[in-house]
Amino acid sequence: MASFLQRLVDPRKNFLARMHMKSVSNRLRRYGLRYDDLYDPLYDLDIKEALNRLPREIVDARNQRLKRAMDLSMKHEYLPDNLQAMQTPFRSYLQDMLALVKRERAEREALGALPLYQRTIP
């Protein structure tokens, strides 16, 4: 069953998954975003912790991309075509750190330790 689901969502093996990935890529390129920019640190505290552990330059670049995307969206414009061609929407910067944070949290829960952070209402 797991192999069926993996084949279903793998863009290299499923035409519809490939079309969806292309559509998402085009939308992200229009605003100069990366897929990892879409993760919300207010929604998941693991993402907030992973962002806190990343180098400052990477977080600053993420914030700059988000600000540029909001500005373009408010103006109802897209990036120029030459800048859209340079974008790398699926180049990940957050996934490795996020996986590490989730492994650490799972390990702490398995050992019965207190969580590193508690959910608070923003």
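**Reading burial, helix faces and aromatic pairs**

User: At what relative accessibility does Tyr35 stand, and how does Tyr35 count?

Analyst: In this predicted model, Tyr35 has a relative accessibility of 37% and therefore counts as partly exposed, since that class lies between the 20% limit for buried and the 50% limit for exposed. Tyr39, at 26%, is also partly exposed, and Tyr35, Tyr39 and Phe90 form one aromatic cluster.

User: Which residues make up the largest nonpolar core?

Analyst: Nonpolar side chains tend to be buried together in soluble globular proteins. Here the largest nonpolar core has 10 residues, namely Ile47, Ala50, Leu51, Leu54, Val59, Tyr93, Leu94, Met97, Leu98 and Val101; the elements giving two or more residues to this core are α3 (45-53) and α6 (95-111). Leaving aside neighbours within four places in sequence, Ala50 is in contact with Leu94, Met97, Leu98 and Val101.

User: Which residues of α4 are buried, and why do they line one face of the helix?

Analyst: The idea is to look down the helix axis and ask how the buried positions are distributed around it. In α4 the buried residues are Val59, Arg62, Arg65, Ala69 and Leu72, and because they fall within an arc of 155° they line one face. Their cover includes α2 (15-31) and α3, whereas Arg56, Glu57, Gln64, Lys67, Met70 and Met74 are exposed on the other side of α4.

User: How many aromatic pairs are there?

Analyst: The count comes to 3 aromatic pairs. One of them, Tyr31 with Tyr78, is edge-to-face, at 5.5 Å centre to centre with 70° between the planes, and links parts of the chain 47 residues apart. Arg30 also lies over the face of Tyr78, 5.1 Å from the ring centre.

Conventions. Residues are numbered from 1 along each chain as its sequence is written. This is a predicted model: local features need pLDDT of at least 70, side-chain atom pairs count only at pLDDT 80 or more; totals for chains, interfaces and linings use all residues. Side-chain values use heavy atoms; hydrogens and water are left out. A nonpolar core is a set of buried Ala, Val, Leu, Ile, Met, Phe, Trp, Tyr and Cys residues joined through side-chain atoms within 4.5 Å. Buried means under 20% relative accessible area, exposed over 50%, partly exposed in between (1.4 Å probe, protein chains only). Helices (H or I, at least four residues) and strands (E, at least two) are DSSP runs, numbered from the N terminus. Contact means heavy atoms within 4.5 Å. The arc is that of the directions from the helix axis to the C-beta atoms. Rings of Phe, Tyr and Trp (its six-membered ring) pair if their centres lie within 6.5 Å; planes under 30 degrees apart count as stacked, over 60 as edge-to-face and the rest as tilted. A charge sits over a ring if NZ of Lys or CZ of Arg is within 6 Å of the ring centre and within 35 degrees of the ring normal.
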